[in-house]
Amino acid sequence: MQSGPEYFSLDPAWTDPARLRRERDKGRELKKSTWWRQKVAPGLCHYCGGEFAAAELTMDHIVPLARGGESKKGNVVPACRPCNQSKKLSTPAEDLLASLS
């Protein structure tokens, strides 16, 4: 993941507390779905490929909520806590491009 401090200009519309609350509520509902249970059942972190108990995996938004991401099936993946925390507000594409430079 990112090695140095990263700064992002965040759109106030994306960081609106009401919007973030709605998206987090959607995420909680998505976690209850059969689809999510099937995603975490193999116990694999999307980023590092490590094996974990399904209960240890967190829901990570590929495009973070604060950067306009949504709690939808195409934007969430199971991730271990260390990968989720180290990702912060970056996207996998940004991390890939940073690793190439």
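A residue is called buried when its relative accessible area is under 20%, exposed when over 50%, and partly exposed in between. With that in hand, here are some exercises on this predicted model.

**Exercise 1. Classify the two partners of the Asp-25 and Arg-28 salt bridge by exposure, and place them in the fold.**

Start with the pairing: the two side chains meet at 2.4 Å, N to O. Next, take Asp-25, whose relative accessible area is 37%, so Asp-25 is partly exposed. Arg-28 has 47% and is therefore partly exposed too. Finally, look at the location: both residues lie in helix α1 (residues 17-31), three residues apart, which is about one turn of the helix.

**Exercise 2. Work out whether Asp-60 and Lys-87 are buried or exposed, and which elements their salt bridge links.**

The side chains of Asp-60 and Lys-87 meet at 3.5 Å, N to O. This pair links distant parts of the chain, with Asp-60 in strand β1 (residues 58-61) and Lys-87 in helix α3 (residues 81-87), 27 residues apart. Now the exposure: Asp-60 has a relative accessible area of 4%, so Asp-60 is buried. Lys-87, at 1%, is buried as well.

**Exercise 3. Decide why Cys-80 forms no disulfide.**

First, recall the cut-off: a disulfide needs two cysteine sulfur atoms within 2.5 Å. The closest cysteine sulfur to that of Cys-80 belongs to Cys-83 and is 3.5 Å away, so the pair is too far apart for a bond. Seen from the other side, Cys-83 is in no disulfide either, and its nearest cysteine sulfur is that of Cys-80. The structure as a whole holds zero disulfides. Both cysteines are nevertheless covered: Cys-80 is buried at 3% relative accessibility, and Cys-83 is buried at 11%.

**Exercise 4. Find which elements supply at least two residues each to the largest nonpolar core.**

Begin with the members: the core has ten residues, among them Leu-30, Trp-36, Val-40, Val-76, Ala-79, Cys-80 and Cys-83. Then match them to elements: α2 (34-40) and β2 (76-79) each supply at least two. To see one member in its surroundings, pick Val-76. Leaving aside neighbours within four places in sequence, Val-76 is in contact with Leu-30, Trp-35, Trp-36, Met-59, Asp-60 and His-61.

**Exercise 5. Identify the residues that make the nonpolar surface patch of about 350 Å², and classify Leu-100.**

The patch is made by Leu-96, Leu-97 and Leu-100. Leu-100 sits in helix α4 (residues 92-100). With 66% relative accessibility, Leu-100 counts as exposed.

Note on methods:
Residues are numbered from 1 along each chain as its sequence is written. This is a predicted model: local features need pLDDT of at least 70, side-chain atom pairs count only at pLDDT 80 or more; totals for chains, interfaces and linings use all residues. Side-chain values use heavy atoms; hydrogens and water are left out. A nonpolar core is a set of buried Ala, Val, Leu, Ile, Met, Phe, Trp, Tyr and Cys residues joined through side-chain atoms within 4.5 Å. Buried means under 20% relative accessible area, exposed over 50%, partly exposed in between (1.4 Å probe, protein chains only). Helices (H or I, at least four residues) and strands (E, at least two) are DSSP runs, numbered from the N terminus. Contact means heavy atoms within 4.5 Å. Patches are made of residues with over 30% relative accessible area and no salt bridge: like charges are joined within 9 Å, nonpolar side chains (Val, Leu, Ile, Met, Phe, Trp, Tyr) within 5 Å. Accessible areas come from the Shrake-Rupley method with a 1.4 Å probe; for residues, only the protein chains shown count as cover. A salt bridge is a side-chain nitrogen of Lys or Arg within 4 Å of a carboxyl oxygen of Asp or Glu.
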